[in-house]
Amino acid sequence: MKFFKPLITLLSVGIGALLIYIVLNQTIPQAKPILKPAQVSEVVKNQKEKLHFVAIGDSLTEGIGDETKRGGFVPIVTSDITERYRLTSVEVENYGVAGERSDQILTRMKKEESILANVATADILTLTVGGNDLMKVIQDNFFGLSIKTFKRPQEKYQKRVAEIIALMQKQNKNAPIYVFGIYNPFYLNFPEITDMQKIVDNWNLATEETTKTFKNVYFIPINDLLYRGLDNEVGIDSTLDSSTEDEIKSSNSSDLNIVDNNALYDQDKFHPNNLGYQLMANALRDELIKTRAQWLIKK
C-alpha cells in the first residue's frame, strides 16, 4: 500500500537508531524538569498518609527515553502527589519492560509472584500497553498493510487487555487502574501516512472501550499530547496552511514542512523524552485528582 512505503523505510533504519540509542544512553546529560507541578492542594480529610503505587507495562513504564534516568512518568507523578497531599511516603514498584506486548505482560504477571503480591497491596495501579502489539502487526504484514490488516489483531489485543485488568482486579478490588493509550510517532516524520493515524485512533478506541467495561478503570489518552508537544507544537511548520490539526490529519501531501517535536527523545524520535514523560505525568495526575476518593481516602 503506497501510504506505508515511508513506514517501511523508517522501520529499516530502526535497528541503526536502536544501536545509537544504546551507545548514547550512557552519556546523555540529565535534563532538568521543564514542567512545574501545579499548586499544592490542602490535605484531604481522612486521607491516607502513605501510598503504594504499582506501575506495570512496556517501555513507557520503564521510562526509556527519559534523559534524567529517573524512570519516566512514574517518579514525576509520585513526587507530585507526595507534595500535593503532603504524604509521608509513596512506595513505588515499577514493572516496566521495554518491548513487551500485551501477551508478554500478561504472562509475566502470571509467572512472577512478586508482581501480583504488590498489585494486591497497591493503592494506585497504572498500565502502559499496546504500542508493541501494534508494531508486531506492522512487522508481520510488512508489505501488505491496510486498515483491515489491524482489525483481527486489535480484537485479540482487546481481549488480552481485558485479561490483564481482570487479573489486577482479582488481586485487588479497591485500587483504581489507569490505562494509558498509545501514540503515533510515525505521524511526525511521515504525515502523509494518514492511515496510520487512523489505525492508532482505532487502537486507542479499542483500549478505551475495554476500560469502560470495568469499574474503577480509567483511560488516559496521550496521542494528542505527544504529537503536539509542549505549547501545541504539532511537528508541522505553523506557517503552512495545512498546519491545523484537522487539515494535517486529512492531508496526503508529502510536502509538509516537518519541524522538531520537543516531546520525543532525540536519539530515536520514538519514545518520549523527559518533557514527553512530564506531559504523560500531567495527564495521569489530572485523572488522579479527579478520582482521589478512590485511592487517597481511608476506607
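## Report on a predicted fold

Asn132 is found in helix H7, which spans residues 131–140; helices here are DSSP runs of H or I with at least four residues, strands are runs of E with at least two, and both are numbered from the N terminus. The model is a predicted one, in which local features need pLDDT of at least 70 and side-chain atom pairs count only at pLDDT 80 or more, whereas totals for chains, interfaces and linings use all residues. Residues are numbered from 1 along each chain as its sequence is written, and side-chain values use heavy atoms, with hydrogens and water left out.

**Overall composition**

The secondary structure of the protein amounts to 13 helices and 5 strands. Of its 299 residues, 52% count as buried, that is, under 20% relative accessible area with a 1.4 Å probe and protein chains only; exposed is over 50%, and partly exposed lies in between. Among the contacts (heavy atoms within 4.5 Å) with a separation of 6 or more, 80% come from residues 24 or more positions apart.

**Asn132 and Ser102**

The side chain of Asn132 reaches the backbone oxygen of Glu100 at 2.9 Å. When neighbours within four places in sequence are set aside, the residues in contact with Asn132 are Asp58, Gly99, Glu100 and Arg101. Ser102 is placed in helix H5, residues 102–111. Along the chain, Ser102 and Asn132 are 30 residues apart, and their C-alpha atoms are separated by 8.0 Å. Ser102 touches Val129, Asp133, Tyr157, Arg160 and Ile164, not counting residues up to four places away in sequence. With one of these, Arg160, the side chain of Ser102 forms a polar contact of 2.7 Å. A polar contact is a pair of N or O atoms within 3.5 Å; within protein, one atom must be able to donate a hydrogen and the other to accept it, and residues adjacent in sequence count only if both atoms are side-chain atoms.

**Aromatic pairs**

How many aromatic pairs does a search of the whole structure find? The search yields 4. Rings of Phe, Tyr and Trp (its six-membered ring) pair if their centres lie within 6.5 Å, with planes under 30 degrees apart termed stacked, over 60 edge-to-face and the rest tilted. One pair is Phe73 with Phe180: the ring centres are 4.8 Å apart and the planes stand at 55°, so the pair is tilted. Since Phe73 belongs to helix H4 (residues 73–84) and Phe180 to strand S4 (residues 177–180), the pair ties together parts that are 107 residues apart in sequence. Phe73 and Phe180 are both buried.

Tyr157 and Trp203 have ring centres 4.9 Å apart and planes at 25°, so this pair is stacked. Tyr157 lies in helix H8 and Trp203 in helix H10 (residues 194–211), so the pair ties together parts 46 residues apart in sequence. Tyr157 and Trp203 are likewise buried.

**Packing of H6 and H8**

Helix H6 (residues 113–120) packs against helix H8 (residues 151–171) at an angle of about 65°, the axes being 7 Å apart. The axes are lines fitted to C-alpha atoms over the stretch in contact, and angles run from 0 to 180 degrees between N-to-C directions. H6 contributes Leu116, Val119 and Ala120 to the contact, and H8 contributes Leu167, Met168 and Gln171. These residues divide into 5 nonpolar, 1 polar and no charged; Ala, Val, Leu, Ile, Met, Phe, Trp, Tyr, Cys and Pro count as nonpolar, Asp, Glu, Lys and Arg as charged, and the others, Gly among them, as polar.

**Individual sites**

Ile76 is found in helix H4. Its C-alpha atom is 8.7 Å from that of Asn282, although the two residues are 206 apart in sequence. Beyond its neighbours within four places in sequence, Ile76 is in contact with Asn274, Tyr277, Gln278 and Ala281. Pro185 occupies the loop between S4 and helix H9 (186–189), and its C-alpha lies 9.9 Å from that of Met196, 11 residues away in sequence.

Most residues other than glycine have a negative phi. Asn46, in the loop between helix H2 (14–24) and strand S1 (50–57), has a positive phi near 60°. Arg86, in the loop between H4 and strand S2 (89–96), has a positive phi near 50°.

The table lists the accessibility of selected residues.

| Residue | Relative accessible area | Class |
|---|---|---|
| Ser102 | 0% | buried |
| Pro185 | 6% | buried |
| Ile76 | 18% | buried |
| Asn46 | 46% | partly exposed |
| Arg86 | 57% | exposed |
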